[in-house]
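Morning, everyone. I have one structure to walk through today. Please take a look at the sequence and the model first.

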Amino acid sequence: MTDKKALRAALRARRDAFAATAVEAIRVDPAFVALLAPGCVVASYVPVGGEADPAPLEQVALAHGCHLALPQVLDRATPLRFALYDPATPLVPGPFGLRQPPHDAPEAAPDVVLTPLVGFDRVLNRIGQGAGHYDRAFAAFPAAHRIGIAWSVQEIDLIQPDPWDVPLHAIATERAWIVRA
């Protein structure tokens, strides 16, 4: 399948079917723990639909003294920003069914970005939702360690990246921690 719209639809269906019965959580690998230091900022996300939940990674980050940030999305065209997230502060509704920090939450520059995926391959290419939010965020924070979060069923043999696509450093699934061989 080369048409990205059709590929996204097929991968979402596969992801959602798996998520409906998934009992395993995303795996926390020692390589992730090695990235953490007190005060670092880990950007995460609140899963929507069948997206894999990054909560196990968030819990480890908090236990290591890290700060959490969540994306704030205004619309399809505006770049997302990462805002510090205080679990004691309620999230507010955002576009596309997202839950996000209030608009007055302080902006944060992430050291690690956990990103939801629609699909991925073993060479760490990714297919996202298609709006380019994370590609633009990766370009804005090039030093941040980029980790895709997905279910193992979202893996495909090969993704042909577009020129603007930024590869990941790792992918965490319920089965494995994947890095470029």
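**Aromatic pairs, overall fold and the main pocket**

Let me start with one side chain. Phe18 has a relative accessible area of 21%, so Phe18 is partly exposed. The cut-off for buried is under 20%. Keep in mind that this is a predicted model.

Now, what is the partner of Phe18 in a tilted ring pair? The partner is Trp151. The ring centres are 5.4 Å apart, and the planes meet at 55°, so this pair counts as tilted. Trp151 counts as buried, at 8% relative accessibility. In sequence, the two are 133 residues apart. Phe18 sits in helix H1, whereas Trp151 sits in the loop between strand E9 (145–149) and strand E10 (170–172). The pair therefore links distant parts of the chain.

On to another pair, Phe32 with Trp177. Here the centres are 6.4 Å apart and the planes are again at 55°, so this one is tilted as well. The pairing limit is 6.5 Å. Phe32 belongs to helix H2 (residues 30–33) and Trp177 to strand E11 (residues 177–178), so the contact ties together parts that lie 145 residues apart in sequence. Buried or exposed? Phe32 and Trp177 are both buried. Across the model, the count is four aromatic pairs.

One charge contact belongs here too. Arg146 lies over the face of Phe138, at 5.8 Å from the ring centre.

Let's zoom out. The chain has four helices and 11 strands. Its radius of gyration is 15 Å; the globule rule gives 16 Å for 181 residues, so the chain is as compact as a globular protein of that length. The C-alpha trace spans about 40 × 35 × 35 Å along its principal axes. Of the 181 residues, 44% are buried.

Last topic, the pocket. The largest one has a volume of about 590 Å³. It is lined by 31 residues. Which of them are closest to the centre? They are Gln129, Gly130, Ala131, His133 and Tyr134. Elements giving two or more residues to the lining are helix H1 (4–19), strand E2 (67–72), strand E5 (99–100), strand E8 (126–127) and helix H4 (133–140). H4 gives the largest share, three residues. By type, the lining divides into 16 nonpolar, six polar and nine charged residues.

To close, back to helix H1. This helix holds Phe18 of the Phe18–Trp151 pair, and helix H1 also contributes to the pocket lining.

Methods:
Residues numbered from 1 in each chain as written. Predicted model: local features only at pLDDT ≥ 70, side-chain atom pairs only at ≥ 80, totals over all residues. Heavy atoms only, no water. 1 Å grid on protein atoms, 1.4 Å probe; cavity = no way out; pocket = protein on both sides within 12 Å on 5 of 7 lines; lining within 4 Å. Points joined across faces, edges and corners; volume = space filled by probe spheres on them. Nonpolar A, V, L, I, M, F, W, Y, C, P; charged D, E, K, R; others polar. Phe/Tyr/Trp six-rings, centres within 6.5 Å; stacked < 30°, edge-to-face > 60°. Buried < 20%, exposed > 50% of the residue type's maximum accessible area, 1.4 Å probe, protein only. Lys NZ or Arg CZ within 6 Å of the ring centre and 35° of its normal. Rg over C-alpha atoms; globule rule 2.2 N^0.38 Å.
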